[in-house]
Amino acid sequence: MKAEIIAVGSELLLGQIVNSNAAFLSVELAQHGIDVFYHVVVGDNEERLTDVLNQASKRSDLVILTGGLGPTKDDLTKETVAEICGKDLVYHQQSLDAITSFFEKRGQVMTENNKKQALVIEDSHVLVNHNGMAPGMVLETDQCKFVLLPGPPKEMQPMVVSELRPLLEKDNVTQEKITSRVLRFFGIGESKLAAMIDDLLVNQTNPTIAPLASEGEVTLRLTVKHYDPNVSVQLLDQVEKDILSRVGEYFYGYGETTLMEVVSKQLKKHKYYIAAAESLTGGLFSSALTSISGASEIFHGSIISYATKVKENNLGVPNKIIAENGVVSAECAVEMAKAVKLKLQSDIGISFTGVAGPGTQDGRKPGEVYVGICGPNNEVAVHKLKLSGNREAIRQRTINYGCFYLLNELKRWNIE
């Protein structure tokens, strides 16, 4: 079954509202083995909506519309669908009673336009709205099946779950189900990763592999179609194994997890406390870590050593190190990591020093960054970065690389 999702509303085209309904519906349909081939957004205009519906009904088996079921004159969805299908609008008594009761309980007069929300397309299956006024509808035609849903997510989502989902399950008892798994990678660009798994991408069938680059990292979405969930898992496991045999060193997690969440989980697992010495990052690492529940189990604290004198006086970085190498140096990062680990009595110390920009510092260009990590055995690793972007981008990427390097060090210490 080929599906199409049409969001109706000029506010979507103006950017005043984000079309979150399409994402929710795409996920829902995938669970039922229904392929979504088109997402369309159209304004509150009868002529343009008619054009969109005529096109959709020719190329899709299932057409789902969200929005345009309200009481105002620019709510035109059901009127337009009814017109192109040659159907009348009739009152749905249950919905009309619910709307009437809503106003009576609040001691308010129900205006005539509110009755409009109880109108449904004749011969349609009505989807009851338990969280609002306008009911949804399912209308079967010779060309396709139309589903009309309210626009507000707080109404649309529960209607899909309680009213539409049982219909989809009934229609797709023997349908193949779509299952996806997202693999997350850091420290490698999309083009390089794609090149390293090029033959897998070229020869993909089922499962399919879709690379996607985001801020500083790459994700691979693996998608499989099969009747048997156990077979789907086996197929996904095999293609994941093939991928990680090539690029496993850059892999850090699944789904919507973040690098910091993985770091937090690993530190909790092995009962290690960490402390941070932050210069250019100004507390960003500490803030991100403590935003995750349970940070008190793994985090002792931080010293924001932004000024050189704080590095010397509060952290105890030797003046000789700073005089000979500068504060933006591998040597300084090493001393910062060692010092914060000792001073805050932690198992691990991590440090960040560098130039965020926009200007240079001691002859160092923006983007030159050093990350130091002092481990449980006082062994210190230091990593030099050459980052691009504006000031905030450099600071955030520094944190991400710090998390990635820390995960690698945890593996190297054989504590994972």
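This is a friendly conversation about how some features of a predicted model get their names.

Trainee: Why is the ring pair of Tyr401 and Tyr405 called tilted?

Mentor: Start with the general idea: a pair of aromatic rings is described by the distance of the centres and the angle of the planes. For Tyr401 and Tyr405 the centres are 5.8 Å apart and the planes make an angle of 40°. The distance falls within the 6.5 Å limit, and the angle is neither under 30 degrees nor over 60, so the pair is tilted. By this rule there are eight aromatic pairs.

Trainee: How do you know that Tyr401 and Tyr405 are separated by about one helical turn?

Mentor: Both belong to helix 16 (residues 391–412) and are four residues apart there, which means about one helical turn between them.

Trainee: And what makes Phe404 and Tyr405 a tilted pair?

Mentor: Their ring centres are 6.4 Å apart, within the 6.5 Å limit, and their planes meet at 50°, between the 30 and 60 degree cut-offs, so tilted is the right word again. Ring pairs also join Phe186, Tyr401, Phe404 and Tyr405 into a cluster.

Trainee: Why is Tyr405 called buried, but Tyr401 partly exposed?

Mentor: Buried means under 20% relative accessible area. Tyr405 has 14%, so Tyr405 is buried. Tyr401 has 21%, which lies between the 20% and 50% cut-offs, so Tyr401 is partly exposed. Phe404, at 6%, is buried.

Trainee: What makes Arg59 sit over the ring of Tyr38?

Mentor: Arg59 lies over the face of Tyr38, 3.6 Å from the ring centre. The limit for that distance is 6 Å, so 3.6 Å meets this part of the rule.

Trainee: Which residues have the most contacts inside the largest nonpolar core?

Mentor: They are Phe185, Leu220, Ile243, Ile274, Phe285 and Ile348, in a core of 52 residues. Helix 16 gives the largest share of this core, eight residues. Apart from that core lies another of 22 residues, including Leu53 and Phe146. As for Ile274, its contacts beyond four places in sequence include Phe285, Ile348 and Leu406.

Trainee: How do you know that strand 9 and strand 11 pair?

Mentor: Pairing needs at least two bridges, and strand 9 (residues 177–186) and strand 11 (residues 217–226) have ten, in the antiparallel sense, so they pair. Here Phe185 stands opposite Val218 in strand 11. Strand 10 (residues 208–214) also pairs with strand 11 in the antiparallel sense, over seven bridges. Strand 10 and strand 11 form a hairpin with two residues between them, and Gly216 in the turn has a positive phi of about 75°.

Trainee: Why is the link between the side chains of Ser279 and Lys311 called a polar contact?

Mentor: The distance is 2.9 Å, inside the 3.5 Å limit, so it meets the distance part of the rule. Ser279 lies in the loop between strand 13 (274–278) and helix 12 (284–290). At 6% relative accessibility, under the 20% cut-off, Ser279 is therefore buried.

Trainee: What makes Asp123 and the bond from Asn206 to Pro207 worth a look?

Mentor: Most residues other than glycine have a negative phi, and most peptide bonds are trans. Asp123 has a positive phi, near 70°, while the bond joining Asn206 and Pro207 is cis, with omega about 15°. Gly357 to Pro358 is cis as well, with omega near 10°.

Trainee: Is Asp123 buried or exposed?

Mentor: Its relative accessible area is 62%, over the 50% cut-off, so Asp123 is exposed.

Technical notes:
Residues are numbered from 1 along each chain as its sequence is written. This is a predicted model: local features need pLDDT of at least 70, side-chain atom pairs count only at pLDDT 80 or more; totals for chains, interfaces and linings use all residues. Side-chain values use heavy atoms; hydrogens and water are left out. Rings of Phe, Tyr and Trp (its six-membered ring) pair if their centres lie within 6.5 Å; planes under 30 degrees apart count as stacked, over 60 as edge-to-face and the rest as tilted. Buried means under 20% relative accessible area, exposed over 50%, partly exposed in between (1.4 Å probe, protein chains only). A charge sits over a ring if NZ of Lys or CZ of Arg is within 6 Å of the ring centre and within 35 degrees of the ring normal. A nonpolar core is a set of buried Ala, Val, Leu, Ile, Met, Phe, Trp, Tyr and Cys residues joined through side-chain atoms within 4.5 Å. Contact means heavy atoms within 4.5 Å. A polar contact is a pair of N or O atoms within 3.5 Å; within protein, one must be able to donate a hydrogen and the other to accept it, and residues adjacent in sequence count only if both atoms are side-chain atoms.
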